[in-house]
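Work through the exercises below with the sequence and the model open. Try each task before reading its solution.

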Amino acid sequence: MKKLGVIDLGSNTTRLIVMAYEPGYSFRLTDEVSETVRLAEGIGPSRMLQPAPIRRAVEALRMFYSLCQSTGVDQVIAVGTSAIREAANQAEFWAALRAVTPLDLRIISAEEEAYFGYLGAINALPLPTGALFDTGGGSTQVMAVHDRALIRSFSVQAGVVRFTEQFVQSDPISRADLRRLREAAREAFAPLDWLPDLRHGKLGGMGGTVRQLARIDQKQRNYPLERVHGYVLTREALEWMIEELARRPRRERLQIPGMKEERVDVTLAGAVIIATLMDRGGFPSLLVSGQGVREGIFYQHFLADQPQPLLADPRRFSVLNLARLTHYEPEHCARVAHLSQSLFDQLAPLHGYGAWERELLGYAAILHDIGVSVGYYDHHKHGEYLIHNAALLGFSHREIVMIAGLVRNHRKGWSGLAPYAAIITRDDETRIARLSAMLRLAEYLERSKSQIVRDVRVQIGEAITIDIVADGDAHVEIWEATRRSGLLRRSFGREVQIRSA
């Protein structure tokens, strides 16, 4: 695999990601480091970078480059955004950087920053049409998306460090300061007269501040997943956080569950910026993206042979990516998917489910054995863990819980969904039981992993009769499937008979 390091020198934080990849086929994150440098600190109207922030930023870049060199990274791409882009004394920064490292840092324009952020998010979120935004330390970029295409972008100097220095002059913030902060945010987004036209789509948010706010909200809700990407953050929850942050002094803000110390001073300004943007477009909620500029730059390399660096189907690709990284057996999984979906189609008069459930069942079939990469015993449990902790793209948290539940239940027994009550709907327990029963039966009809069982024919009467269409002796498969048919019988409330056609 090739290894690409991407460094993003932001106005607040500098981050490095290292991706190992085979172009167009598979990739995985192998390292991630971040350092709060506050490059925009004290920059003021003069646009002069201050000596201390320059030293912090240069030291972080030197350290990141050294890490890449020592860990065998093939190529390093480093970009600088708002603070360095607007600085009047760039020469001082360049002199300090070149004195300690040969790292080639490229300053990207606001339009390029918006484009790379768009690439990172559009390949990761279920957001075909709507708007994206990226709130950083010095600026906010807003992008309009239609049919997954970027159609326009907007950049404004409304960043969390910049607004904190300009408007947060008291601790806790005074009513007058909070009013000025809100007014400045409204003024910043006033030119976005096209944003309300996108309110029937979705809003996706990038940046450290939106992830910080999502973590706080998850802690408040006792959210059962440790996953920020794909989290739905409501405008109502955001207003509660603004009020809490505004009434507390710094030492009490530090006690808010989920709050990171390095963000305690700038999160209020960020929350106001994001809330104002949501109000400007009329969005009641937003989808949190764990991917942004750095991942967008990576996709440009990973998909370099395509006309555009867009995954044609992020959901299917990320399922196959996880399967490939865990050395799955393609022929076996394809046959399990075919058999389980054949059962699904023929049992439709009983379950009444549609294309969405069928799609999730197919994905679970591809992933059902990935836990073997950890160990054969309890591989259904290992598989569930891997799915909960994988970078599955384009899926809602509910869908991830469902796919993980199907994989957990594909072998034996039954693991309920009580821990995820805050995510699933009331009828999902039955839905997953029935889909798991089909997946389990398909797995045991492919017990020898030799694709002997070609298809199934289902007859629905007082009992469910399943005739096995085989290209050889399927005695073992029929025996195993019969032994494992209890979940199908219980979830549909009918006896089950499995026999040779």
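This is a predicted model: local features need pLDDT of at least 70, side-chain atom pairs count only at pLDDT 80 or more, and totals for chains, interfaces and linings use all residues. Residues are numbered from 1 along each chain as its sequence is written, and side-chain values use heavy atoms, with hydrogens and water left out.

**Exercise 1. Place H368 and state whether H368 is buried or exposed.**

Step 1. Find the segment. H368 sits in the loop that links α15 (355-367) to α16 (379-388). Helices (H or I, at least four residues) and strands (E, at least two) are DSSP runs, numbered from the N terminus.

Step 2. Check accessibility. The relative accessible area of H368 is 0%, so H368 is buried (under 20%; exposed is over 50%, partly exposed in between; 1.4 Å probe, protein chains only).

Step 3. List the polar partners. The H368 side chain meets the side chain of E443 in a polar contact of 2.8 Å. It also reaches the backbone oxygen of A365 at 2.5 Å. A polar contact is a pair of N or O atoms within 3.5 Å; within protein, one must be able to donate a hydrogen and the other to accept it, and residues adjacent in sequence count only if both atoms are side-chain atoms.

Step 4. Add the wider surroundings. Beyond four places in sequence, the residues in contact with H368 (heavy atoms within 4.5 Å) include H332, H379, H410 and E443.

**Exercise 2. Describe how α13 and α18 pack.**

Step 1. Take the geometry. α13 (residues 330-346) and α18 (residues 428-445) pack at about 130°, their axes 8 Å apart. Axes are lines fitted to C-alpha atoms, for helices over the stretch in contact, and angles run from 0 to 180 degrees between N-to-C directions.

Step 2. Classify. The two helices, α13 and α18, are therefore oblique (under 35 degrees is roughly parallel, over 145 roughly antiparallel, 65 to 115 roughly perpendicular, the rest oblique).

Step 3. Name the contact residues. Among them are H332 and V336 of α13, and L439 and E443 of α18.

**Exercise 3. Give the strand order of the open three-stranded sheet and find its edges.**

Step 1. The order is β12-β13-β14, with mixed pairing. Two strands pair if DSSP finds at least two bridges between them.

Step 2. β12 (453-460) and β14 (495-500) each have a single partner strand, so they stand at the edges.

Step 3. β12 and β13 (residues 463-470) run antiparallel, joined by seven bridges. One bridge pairs V456 with I468 of β13.
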